[in-house]
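Please open the model in your viewer and keep the sequence panel beside it. The tour below moves from one selection to the next and says what is found at each stop.

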Amino acid sequence: MFTGCNSLTKVVIPNTVEGIDNYAFQSCEKLENLIIEEIRRRYNPIQFELINCHVTLCREDEIGEIDRIIENLDCLIKNKFIITFGNVIKFSDGRGIMLEGYVDNFSFHELRNKVLKGVVNNPQRKMPHVTLMHPRNSTCNDEIFNEILKYKLPKEMYFNSISLIEQLDGGVWKVIKDYK
């Protein structure tokens with residue numbers, strides 16, 4: 001993945017499926033503000049060590065035809081794009097916390113359509129988000145949630161790259177290729 005604790009990354013496609021490598025796409029740009037990584041480091045150190053913060057573009061169940069996905073990525077015109085964010089919310093029965101993006105982030109959905117062209121017809125409209133505490137390896141409670149609500153989090157984030165990343169056997173995510 002990206003070095004340094006100030007990367008915002010991911011347009012992802014990971015998770016462990018037995019016997020299958022997990023791939024992910026991530027969009028990233030350095031944040032002026034390291035608040036998100038500080039939250040992750042403090043409240044979710046395991047996930048912080050596995051992967052930098054990110055916005056998932058495509059999930060593993062969407063990229064079965066990886067060669068076509070890579071072709072699509074190679075043909076993209078590389079432009080910076082913006083994702084707008086709203087509130088910090090709980091998910092997974094309150095165990096996880098995310099900074100939710102607005103569903104109507106046009107550039108995010110347009111990019112998803114281009115990456116998934118010829119692979120997924122009419123991709124679902126996913127809500128872009130940044131996971132602050134992943135329920136797989138952290139647990140939120142009301143005290144932690146209220147502490148996180150006190151942070152001033154960005155309302156917009158700028159991205160200028162996409163990365164194809166891979167996780168093997170639950171290990172650290174590795175960058176396969178960057179698209180800038």
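What follows is a walk through a predicted model, beginning with the whole chain and then moving to single helices and loop residues.

**The whole chain**

Begin with the protein chain coloured by secondary structure, where five helices and nine strands are assigned, and where the order along the sequence reads β-β-β-α-α-α-β-β-α-β-α-β-β-β. If you then colour by accessibility, 50% of the 180 residues count as buried. Among contacts with a separation of 6 or more, 72% are between residues 24 or more positions apart.

**Helices α3 and α4**

Select residues 66-75, which form α3, together with residues 106-116, which form α4; their axes come within 7 Å and cross at roughly 125°. This angle lies outside the 65 to 115 range for roughly perpendicular and is not over 145, the limit for roughly antiparallel, and the two helices are therefore oblique to each other. Show the side chains at the contact, which is made by Ile69, Asn72 and Leu73 on the α3 side and by Lys114, Val115 and Leu116 on the α4 side. Sorted by class, this contact of α3 with α4 comprises four nonpolar residues, one polar residue and one charged residue.

Keep α4 selected and ask which of its residues are buried. They are Phe108, His109, Leu111, Arg112, Val115 and Leu116, and because they cover an arc of only 160° around the axis, they sit on the same side of α4. In general, an α-helix has 3.6 residues a turn, so residues three or four places apart point the same way. Just after α4, select glycine 118, which takes a positive phi of about 80°.

**Glutamate 62, in the loop before α3**

Move to glutamate 62, in the loop between α2 (45-50) and α3. Is this charged side chain's residue, glutamate 62, buried or exposed? Its relative accessibility is 8%, and glutamate 62 therefore counts as buried. Two polar partners are worth displaying here: the backbone nitrogen of arginine 59 lies 2.8 Å from a polar atom of the glutamate 62 side chain, and the side chain of arginine 112 is joined to that of glutamate 62 by a polar contact of 2.7 Å. Arginine 112 is itself one of the buried residues of α4. With neighbours within four places in sequence set aside, the residues in contact with glutamate 62 are Leu57, Ile69, Arg112, Leu116, Val119, Val120 and Lys126.

**Helix α5 and its N-terminal end**

Select residues 142-149, helix α5, whose buried residues are Ile144, Phe145 and Ile148. These three lie on the same side of α5, because the arc they cover around the axis is only 100°. On the other side of α5, Asp142 and Glu143 are exposed. To see what covers the buried residues, add α1 (35-43), β4 (81-91), β5 (96-101) and β6 (129-133), which are among the covering elements.

At the N-terminal end of α5, display asparagine 141, which caps the helix with a side-chain oxygen 3.1 Å from the backbone nitrogen of glutamate 143. A little earlier, in the loop between β6 and α5, is asparagine 137, which counts as buried because its relative accessibility is 19%, under the 20% cut-off. The side chain of asparagine 137 makes a polar contact of 2.7 Å with the side chain of asparagine 44. Beyond neighbours within four places in sequence, asparagine 137 is in contact with Asn44, Ile46, Gln47 and Leu50.

**Three further loop residues**

Most residues other than glycine have a negative phi. With that in mind, select serine 92, in the loop between β4 and β5, where phi is near 55° and where a relative accessibility of 32% makes the residue partly exposed. Then select asparagine 122, in the loop between α4 and β6, which has a positive phi of about 50° although it is not a glycine, and which is exposed, with a relative accessible area of 72%.

Finish at tyrosine 102, in the loop between β5 and α4, which counts as partly exposed at 44% relative accessibility. A C-alpha to C-alpha distance of 8.0 Å separates tyrosine 102 from isoleucine 83, 19 residues apart in sequence. Not counting residues up to four places away in sequence, tyrosine 102 touches Thr84, Phe85, Gly86 and Pro128.

Notes: Residues are numbered from 1 along each chain as its sequence is written. This is a predicted model: local features need pLDDT of at least 70, side-chain atom pairs count only at pLDDT 80 or more; totals for chains, interfaces and linings use all residues. Side-chain values use heavy atoms; hydrogens and water are left out. Axes are lines fitted to C-alpha atoms, for helices over the stretch in contact, and angles run from 0 to 180 degrees between N-to-C directions. Helices (H or I, at least four residues) and strands (E, at least two) are DSSP runs, numbered from the N terminus. Angles under 35 degrees count as roughly parallel, over 145 as roughly antiparallel, 65 to 115 as roughly perpendicular and the rest as oblique. Contact means heavy atoms within 4.5 Å. Ala, Val, Leu, Ile, Met, Phe, Trp, Tyr, Cys and Pro count as nonpolar, Asp, Glu, Lys and Arg as charged, and the others, Gly among them, as polar. Buried means under 20% relative accessible area, exposed over 50%, partly exposed in between (1.4 Å probe, protein chains only). The arc is that of the directions from the helix axis to the C-beta atoms. A polar contact is a pair of N or O atoms within 3.5 Å; within protein, one must be able to donate a hydrogen and the other to accept it, and residues adjacent in sequence count only if both atoms are side-chain atoms.
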